Amino acid sequence: MSELKSGILVLDYGSQYTLLIARRIREMGVYCEVWPCNDERVGQFVESGDLPSAGLILSGGPSSVSIDGAPQLQGGLLDLEIPILGICYGMQLLADARGGRVEPSEVGEYGRTTIVIDEPVGLFHGFDEGESLDVWMSHGDAVVESPQGFNRVASTENGLLAAMADEEAGRYGLQFHPEVSHTEQGEVLLENFVFHVCGCSDEWNMSNFLETHIAQIREQVGDDERVICGLSGGVDSSVVAAMLHRAIGDRLTCVFVDNGLLRHREGEKVRTIFEDHFGVDLRVVDARDKFLSRLEGVVDPEEKRVVIGETFIEVFDEVAAEIDNAKYLAQGTLYPDVIESVSVRGPSATIKSHHNVGGLPEELDFELIEPLRELFKDEVRVLGRTLGLPADMVDRHPFPGPGLAVRILGEITPERLEIVRAADHIFIEGLRKDELYHSVWQAFAVLLPVRTVGVMGDSRTYDQVIALRAVTSRDGMTADRAHLPMDFLGRMSDQIINQVKGVNRVVYDVSSKPPATIEWE
């Protein structure tokens, strides 16, 4: 708790963006934790009058303060002498608790919205009166009457209350989301709260995180028991393996499962890095036939994830039976995986399950170790560099746990796997050759469940369609299409059609997240 005492505590009311708040604050060099809005520790602090942190943030959420069962402020929370910022639903909670009026808005505000600063105080310290900002809104309710003691600090073009402040009490509200990259000057607003209002100092970094979590791993595992780490060769599981190796040494066994759903020559790369470079106890399991037979005829993406998750656990069980005292399973689960899969903190909405989160069976023979589950991809890369992992591993594009299974829309067959694997390899190598690989967050090929008419050698073809996907992003929570040169995309199309048998058409995905997700399934 010592780190949190001088940092910021976020209470999660179910927003998809909650951990983005924590991530932005950690980027400032200030420690931050996220607790469920109904965490019993909050009540304990209220009862004792002790302050858990230097400042408190109430997150957004999908609910409405007026409906039955909506998450509420814990009793006495606002009596704590601690600065509090409410964001979106959090602002509505503040308003409702202090006698303001919150109602469904006649004009909902979603996406980019322009606000005008009425009074440059509090979070708007340093801004000018009348200055406008483009911000990211996502709400159907609005505060239509300010609560007692609060001043209107900013308004939207529609005349709705966008920000409010009770400077004397240290209470602030923003109807928009300063934590998302779409909000202009959003980081400045959060910095003003963290440093100007709460008085925090920027002394926390990823080395602190590493030391804290290595100590936690040692305490959790003890002195005798062993850990199995599911190693995919991607950034996340590789960083977890390196952390565990530093924490418990040779009591770590890494298991690399060749499930037949991997990228081009993935197995060889994993062997080279972890056996030769790190000297880790690596068990390679050829389970291609098992996975592909169980996925035969499965077309629903959620069912694919469940099948893959359950089969992974079965394979790990078989390996664990050969290892004495193997009690723990370590995974490279990240926060975007968690928040899209299950509501672990507040009442958030499930978007899709991930094989290492929602796709796992309810009963496990292992106790999970997931030291990265509150980090974002770029934070994991920083952690990997801190651990001394090679750059070509740390900077690799994300790869989904279910592998190519969710990049083949429809049934998975060996033939379709070879098509998407070959197309993906051509695309990735093309990005590297043209020095575009590091300018995008993630890039890959998708095999569509349709056929199109084509002409090759004066003959009619009726073959497969490959979609290429490349996005730019900061953290994977939001993403935009990558503006790759058209001549490059044309060359990729030509190479794929000419070199991958069974493909006669290539398209490029130009959708953003939201409303789409990065992966197609």
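So, Gln-148: buried or exposed? It counts as exposed, because its relative accessibility is 69%, and the cut-off for exposed is over 50%. Keep in mind as we go that this is a predicted model. Where is Gln-148 in the fold? Look in the loop between strand S6, residues 132-145, and strand S7, residues 151-156. If we skip residues up to four places away in sequence, Gln-148 touches Arg-98 and Asp-166. And here's a nice pair to find on screen: Gln-148 and Ala-95 are 53 residues apart in sequence, yet their C-alpha atoms are 8.5 Å apart in space.

Ala-95 takes us to helix H4, residues 89-97. How many of the nine residues of H4 are buried? Seven of them, so the helix is mostly covered, given that buried means under 20% relative accessible area. Ala-95 is one of those buried residues, and the others are Tyr-89, Gly-90, Met-91, Gln-92, Leu-93 and Leu-94. After H4 comes Gly-99, with a positive phi near 85°.

Since I said positive phi, let me show you two residues that aren't glycine and have it too. Gln-185 has phi near 65°. You'll find Gln-185 in the loop between strand S9, residues 171-174, and helix H5, residues 186-197. Gln-185 is partly exposed, with a relative accessible area of 37%. The other one is Glu-435, where phi is near 55°. Glu-435 is in the loop between helix H14, residues 414-433, and strand S15, residues 442-456. Glu-435 is exposed, at 71% relative accessible area.

Okay, charges next. Side chains of opposite charge can pair when their charged atoms come close. How many salt bridges does the structure hold? There are 30 of them, and I'll pick out a few.

Start with Glu-103 and Arg-101, whose side chains meet in a salt bridge with 2.4 Å from N to O. Both ends count as partly exposed: Glu-103 has 31% relative accessibility, and Arg-101 has a relative accessible area of 36%. Then there's Arg-265 with Glu-268, another salt bridge, at 2.7 Å from N to O. Glu-268 is partly exposed, at 45% relative accessibility.

My next example is Glu-302 with Arg-305, where the closest N and O atoms are 3.7 Å apart. Both residues lie in helix H10, residues 301-320, three residues apart, which is about one turn of the helix. Why does that spacing work out? An α-helix has 3.6 residues a turn, so residues three or four places apart point the same way. The two partners differ in how covered they are: Glu-302 counts as partly exposed at 31% relative accessibility, whereas Arg-305 counts as buried at 2%. There's also a network to look for, in which salt bridges that share partners join Lys-290, Arg-294, Glu-314 and Glu-318.

Now, what about a buried arginine that has no salt bridge? That's Arg-251, and its nearest side chain of opposite charge, Asp-223, is 5.2 Å away. That doesn't count as a salt bridge, because the nitrogen and the carboxyl oxygen have to be within 4 Å. Arg-251 is in the loop between helix H7, residues 235-248, and strand S11, residues 252-258. Beyond its neighbours within four places in sequence, Arg-251 contacts Val-221, Gly-222, Asp-223, Asp-224, Glu-225, Arg-226 and Val-227.

Arg-26 is buried as well, with a relative accessible area of 8%. Arg-26 belongs to helix H2, residues 18-27. Its contacts, again skipping neighbours within four places, include Trp-204, Glu-374 and Glu-379.

On to the empty spaces. The structure holds three cavities of 30 Å³ or more. The second largest has a volume of about 40 Å³. What lines it? Leu-9, Val-42, Phe-45, Pro-52, Leu-56, Leu-77 and Leu-80. By class, that lining is seven nonpolar residues, with no polar and no charged ones.

Last stop: two peptide bonds. The bond from Lys-513 to Pro-514 is cis, with omega near -15°. The bond from Pro-514 to Pro-515 is cis too, with omega near 15°. To find them, go to the segment after strand S18, residues 503-508, where Pro-514 lies, and Pro-515 is in that segment as well.

How values were computed
Residues are numbered from 1 along each chain as its sequence is written. This is a predicted model: local features need pLDDT of at least 70, side-chain atom pairs count only at pLDDT 80 or more; totals for chains, interfaces and linings use all residues. Side-chain values use heavy atoms; hydrogens and water are left out. Helices (H or I, at least four residues) and strands (E, at least two) are DSSP runs, numbered from the N terminus. Buried means under 20% relative accessible area, exposed over 50%, partly exposed in between (1.4 Å probe, protein chains only). Contact means heavy atoms within 4.5 Å. Lys and Arg count as positive and Asp and Glu as negative; His and the chain ends are not counted. On a 1 Å grid over the protein atoms alone, a cavity is a set of points where a 1.4 Å probe fits but cannot get out, and a pocket is an open set with protein on both sides within 12 Å along at least five of seven lines; lining residues have an atom within 4 Å of a point. Grid points are joined across faces, edges and corners, and a volume is the space filled by probe spheres set on the points. Ala, Val, Leu, Ile, Met, Phe, Trp, Tyr, Cys and Pro count as nonpolar, Asp, Glu, Lys and Arg as charged, and the others, Gly among them, as polar.
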